[in-house]
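Reader: I have the sequence and the coordinates open, and I would like to walk through them with you. Could you take my questions one at a time?

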Amino acid sequence: MTLYDLTATELAGLLQSRRVSATEVARACLERAEEWEPTLHAFLHLDPADILRRAREADARLATGQAPALCGIPVAIKDNLCVPGQPATCGSKMLEHFIPPYAATVIERLQDQGAVIFGKTNLDEFAMGSSTENSAFGPTRNPWDPKRVPGGSSGGSAAAVAAGLAPLALGSDTGGSIRQPAAFCGVSGLKPTYGRVSRYGLVAFASSLDQIGPLARDARDLALLMQAISGHDPRDSTSADLAVPDFSLAQTPQRVSATLGIPRECFGPGLDARVKEKVMDAARDLESLGYRLEEVSLPHLEYALPAYYIIAPAEASSNLARYDGARYGYRSSQGQDVEEMSSHTRREGFGPEVRRRIMIGTYALSAGYYDAYYLKAQKVRTLIKGDFDRAFGSCDLLLMPATPTPAFGLGEKAQDPLEMYLSDIYTVAINLAGLPGLALPCGFADALPLGLQLIGRPFREDALLQAAHHYQQHTSFHRERPVLAKGAGKEI
Amino acid sequence: MKDKTPAGPAEISIEEVRHVAALARLYLLPEEERPLAVEMSRILDYVGHLQALDTQGIEAAFGVLPLNDVMRDDLVRPSLPVEQVLSNAPRQLEGHFLMPRIMGS
């Protein structure tokens, strides 16, 4: 068993007992990255000197015997999070040379714990996309099949963890961008309750939907990262002023008495039969572990995608107005005055999907259309939240697929924006309702991972992690590892 | 405000595309206007399905947390040093961001 095959929890055990050093762990991950990166392209920025320096600092701390659990563990960071001194491109030409002068709160917290910040991972431009094909710097490939997408927008983070390039990663999720790539890459990913994790230092896409969250090989590792990054932050006025529970799974009871809701609207047409089969198998597995199954209804679920594709672009059009060539980022050389320069800057700096969403969002907010689109969508959001509130009246958790299909091929959906949007069908409602959602592997179809999704009550990530951990103690899908054929992907 | 929403399928005109592009400060080449109008119409048509839902008397949920007016004490705190503020500036002059002129000809 090599170092890169171990989970973060297992590595922490070896590091704390000094059987292995943080430098050795970092080197193992860097060697693995050197081997896989020409094919995968999970990273946009990887600085071995910086990583080894951080590992040395972690080793000094570990030697004192007083180091936190995360000390010495490599964590790959999605490139829309600010790490001072390293680029934060957001997968965009607009920020290709942008170096943040400040650290995101989650990064400060990781650094306080001695975690080894391990590179910046690839993403769909400004987190807009479901395949990482919208990155201005080329797509990331799925480690299970390099001709397929890793999902998006946190595709780089998911691929890095799946391939063992780093045991942990941070991603962001606005409409499924942690959970969908986790499912496509056979790893576990958690979108916290809105407000659980500070968004300070996350480049904003849609402010009422965005959340930062962990990607890892299993629930125990997710818990390790969640413990470090969660909690109120005065610098994020949307962060909840609530105590962070103990997420560690050391005390998980062997049997639970909880009700698992199965929403009937999630198992209708459009769902790949193989995904349906594995998700229903998982439901039965959980039942045998003590979870009582109950069919529930989310009658407004079919309106979640249209509502999302009004609200998210609308909020994005506001958040991306700051990219005007004035104070940072790309500036066009065209234009006679400020207005023209900004217009050209935005045309040249943003890719087609980003421009499309800015146009849709601006339209939906503009005079004469605001009521019919944006306001309407926010009212539908209330209805959707109401559906979940009712379901949680009798259930403790909900179970549904994470994605309608396994990972699709590169280029397969890139031509039709609407087709791409449909891959988010099971994830967007969760962001609209602000609930926590966890995706984890539940099987394979033709050697491609399939993921299921667990949804929890607000601020009950502990219940989600416990259920996922239970399931993973009795299954081994999360222990499978992709095998990369040498040279695969080069001919594509 | 007069509601301009079309009763039937969304059909965005070239004029509307130009108007929205101006609002969004997004320069468009003339040959991009029609394809964008078609694309936007398709997407707006899809999201327009929300019109079928009765939302009479429903409050808009602009956010999910019951937060309002999160304030902090009105105390001066250190800001980012000017050199750091300017560290990514495309053009700067004497501690300022240097910009093209404001008014067109």
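**A buried aromatic residue and its surroundings**

Author: Happily, and let us begin with Phe126(A), which counts as buried at 3% relative accessibility. Please keep in mind that this is a predicted model.

Reader: Which residue forms a tilted aromatic pair with Phe126(A)?
Author: A search of the whole structure finds 15 aromatic pairs over all chains. In one of them, Phe126(A) has its ring 4.9 Å centre to centre from its partner, with 45° between the planes. That angle is neither under 30 degrees, as for stacked rings, nor over 60, as for edge-to-face ones, so the pair counts as tilted. The partner is Tyr323(A).

Reader: How many residues apart in sequence are the parts that this pair ties together?
Author: Phe126(A) lies in the loop between β3 and α5 of chain A, while Tyr323(A) lies in the loop between α9 (304-319) and α10 (338-349). Because the two rings pair up, they tie together parts of the chain whose separation in sequence is 197 residues.

Reader: Is Tyr323(A) buried or exposed, and which residues form the aromatic cluster with Phe126(A) and Tyr323(A)?
Author: The relative accessibility of Tyr323(A) is 5%, so Tyr323(A) counts as buried. Together with Phe126(A), Tyr323(A) belongs to one aromatic cluster, whose other members are Phe98(A), Tyr328(A) and Phe350(A).

Reader: Staying in the loop between β3 and α5, which backbone oxygen does the side chain of Asn142(A) reach?
Author: Asn142(A) lies in that loop, between β3 (116-121) and α5 (155-162). Its relative accessible area is 0%, so Asn142(A) is buried. Among the residues Asn142(A) touches are Leu40(A), Pro150(A), Phe184(A) and Ala407(A). At 3.0 Å, the side chain of Asn142(A) reaches the backbone oxygen of Val149(A).

Reader: Where is Ala26(A), and which residues does it touch?
Author: Ala26(A) has its place in helix α2 (residues 22-40) of chain A. With 0% relative accessibility, Ala26(A) counts as buried, because buried means under 20%. Leaving out residues up to four places away in sequence, Ala26(A) touches Ile51(A), Leu52(A), Ala55(A) and Phe118(A).

Reader: How many of the eleven residues of helix α7 are buried, and which residue caps its N-terminal end?
Author: Helix α7 (residues 219-229) of chain A is mostly covered, with nine of its eleven residues buried. Among the buried ones are Asp221(A), Leu222(A), Met226(A) and Ile229(A). Just after α7(A), Gly231(A) takes a positive phi of about 125°. At the N-terminal end, a side-chain oxygen lies 3.3 Å from the backbone nitrogen of Arg220(A), and the capping residue is Asp218(A).

Reader: Now for chain B: how many helices and strands does it have?
Author: Chain B has 105 residues, of which 27% count as buried. From the N terminus on, its elements run α-α-α-β-β. The secondary structure thus comes to three helices and two strands.

Reader: At what angle do α11 of chain A and α2 of chain B cross?
Author: Two packed helices are described by the angle and the distance between their axes. The contact involves residues including Met359(A), Ile360(A) and Tyr363(A) of α11(A), and Leu36(B), Met40(B) and Ile43(B) of α2(B). α11(A) passes α2(B) in a right-handed crossing. The axes of α11 (residues 352-365) and α2 (residues 30-47) come within 11 Å, and the crossing angle is roughly 65°.

Reader: Finally, which ring does the charged end of Lys413(A) sit over?
Author: The charged end of Lys413(A) is 5.1 Å from the centre of that ring. The ring belongs to Phe408(A).

Definitions and conventions
Residues numbered from 1 in each chain as written. Chains lettered and ligands numbered in written order. Predicted model: local features only at pLDDT ≥ 70, side-chain atom pairs only at ≥ 80, totals over all residues. Heavy atoms only, no water. Helix = DSSP H or I, 4+ residues; strand = E, 2+ residues; numbered from the N terminus. Buried < 20%, exposed > 50% of the residue type's maximum accessible area, 1.4 Å probe, protein only. Polar contact = N/O pair within 3.5 Å; in protein donor to acceptor, adjacent residues only side chain to side chain. Contact = heavy atoms within 4.5 Å. Phe/Tyr/Trp six-rings, centres within 6.5 Å; stacked < 30°, edge-to-face > 60°. Lys NZ or Arg CZ within 6 Å of the ring centre and 35° of its normal. Axes fitted to C-alpha atoms, helices over the stretch in contact; angles between N-to-C directions. Left-handed = near helix turned anticlockwise from the far one by under 90°.
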